[in-house]
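Please read the following explanation with the sequence and the three-dimensional structure side by side. The text proceeds from strands and helices to the metal site.

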Amino acid sequence: MFSVRIWGDRGSMPVPGPDTVVFGGNTSCLEIRCGSRIIIIDAGSGIRGLGDWLVRNELKNGPISADIFITHTHWDHIMGFPMFTPIYVPGTKLCIRGPVNFEDETLEQIIGAQLSYRYWPVRQDELAAKIRYESLKETELDLGDGVIMRTKYLNHPVLCLGYRVEYEGKAFVTAYDHEPFINLFPTDPADPDYDAAVAEEGDKAAHEENARIEAFYKDADLLIHDTQYTAKEYKAGKQGWGHSSYEYAINAANRAGVKRLLLFHHDPNRTDTELQELELFYQGKLRGKTAMSVDVSREGMLLNLA
Ligand SMILES: [Zn+2]
Ligand SMILES: [Zn+2]
């Protein structure tokens with residue numbers, strides 16, 4: 001068995017309410033099953049539901065053991081951790097990995113700071129679970145049981161990793177929070193700082209970085225990609241915020257030969273009606289033009305890879 005369940009797909013902030021019933025209001029959390037292994041990507045508010053589910057359904061089979069990979073430490077990706085019930089259950093074993101700038105505090109300090117009396121009634125050292133923390137860079141990890149995890153730095157205002165899980169000949173990849181690399185140098189000859197050679201170098205560097213990201217999700221059976229904005233919204237002042245447009249994600253995934261693309265990290269203001277319209281619009285545009293299937297992520301979705 002190789003499957004992915006979506007427990008949270010919202011960006012920036014949980015948004016419960018009547019307008020987010022279909023696509024969900026919880027921030028990012030993915031549960032990946034590779035045989036008996038439990039791999040969790042991100043501890044956004046969606047991890048609360050996953051934790052309760054595990055305690056209700058799996059604890060009877062023995063203590064819970066899981067690998068948690070954090071894409072980055074922005075609050076929407078770690079805020080659910082204090083409500084992840086297994087941390088209060090004796091016998092639980094967790095290995096939490098994620099990227100931190102080396103001049104920052106450790107991953108344990110950043111995530112654990114949420115469990116201090118200032119923010120929460122239980123302190124980190126009062127937790128019953130055994131938790132090991134490891135900071136992560138671009139690398140390849142053999143997690144055992146035939147599971148390989150590769151990581152790749154994405155383009156976001158803080159160090160952020162994409163994850164590629166390979167198991168039983170299939171590949172699942174995440175590319176959020178991420179926006180395409182751009183040329184950082186002036187490209188307009190009328191600009192007093194314009195330098196043709198530097199502009200060309202900047203173009204080349206951005207192109208190469210984007211090609212590396214596409215190589216990272218090449219031929220993925222499932223890719224979950226950041227699509228917080230439409231191309232129009234992105235161009236109207238959202239560039240540099242670290243998120244992609246639907247158009248970019250679809251084109252890049254298609255170029256990379258991705259088989260199934262899930263559009264993810266929905267803007268908190270996006271309603272169910274709007275997401276449904278966007279899904280129909282992009283599916284309609286792609287009909288007959290690609291073999292890649294494209295859907296907007298819905299909380300609760302279960303995707304089977306093998
Ligand atoms: Zn985010
Ligand atoms: Zn972020």
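Two strands are said to pair if DSSP finds at least two bridges between them. Helices (H or I, at least four residues) and strands (E, at least two) are DSSP runs, numbered from the N terminus. The model is a predicted one, in which local features need pLDDT of at least 70 and side-chain atom pairs count only at pLDDT 80 or more, while totals for chains, interfaces and linings use all residues. Residues are numbered from 1 along each chain as its sequence is written, chains are lettered from A and ligands numbered from 1 in the order in which they are written, and side-chain values use heavy atoms, with hydrogens and water left out.

The strand β1 (2–8) is a suitable starting point. Six bridges join β1 to β2, and the two run antiparallel. Within this pairing, Arg5 has Glu31 of β2 as its bridge partner. Strand β14 (residues 302–304) is also antiparallel to β1, and three bridges join the two; here Val4 stands opposite Leu303. Because six of its seven residues are buried, β1 is largely enclosed by the rest of the structure. A residue is called buried under 20% relative accessible area, exposed over 50%, and partly exposed in between (1.4 Å probe, protein chains only).

Helix α1 (residues 47–57) has the buried residues Ile47, Leu50, Gly51 and Leu54. These residues cover an arc of only 100° around the axis, and therefore lie on the same side of α1; the arc is that of the directions from the helix axis to the C-beta atoms. An α-helix has 3.6 residues a turn, so residues three or four places apart point the same way. The buried residues of α1 are covered by elements including β1, β2 (29–34), β3 (37–41) and β4, where contact means heavy atoms within 4.5 Å.

An open sheet of seven strands follows the order β7-β8-β9-β10-β11-β12-β13, with mixed pairing. Its edge strands, β7 (140–144) and β13 (293–296), each pair on one side only. On average, neighbouring strands of this sheet are turned by 20° against each other, direction ignored. Strand β8 (residues 147–153) runs antiparallel to β7, with four bridges joining them; one pair of bridge partners is Leu141 and Met149 of β8. Helix α5 (residues 246–255) packs on the sheet and touches β11 (222–226), β12 (260–264) and β13, its direction making about 160° with that of β12. For such angles, axes are lines fitted to C-alpha atoms, for helices over the stretch in contact, and angles run from 0 to 180 degrees between N-to-C directions.

Which protein residues are donors of the zinc ion (ligand 1)? They are Asp76 (OD), His77 (NE2), Asp177 (OD) and His265 (NE2), lying 2.1 to 2.2 Å from the ion. Donors are N, O and S atoms within 2.8 Å of the metal (3.2 Å for Na, K and Ca); water is not among the atoms, so sites may look incomplete. Along the chain, the donors of this ion follow the spacing D-H-x99-D-x87-H. Asp177 also bridges the zinc ion (ligand 1) and the zinc ion (ligand 2), which lie 3.5 Å apart. His77, in the loop between β4 (65–69) and β5 (93–98), and Asp177, in the loop between β10 (170–175) and α3 (196–216), are 100 residues apart, and the pair links distant parts of the chain. His77 is buried, with a relative accessible area of 0%, and Asp177 counts as buried at 2%.
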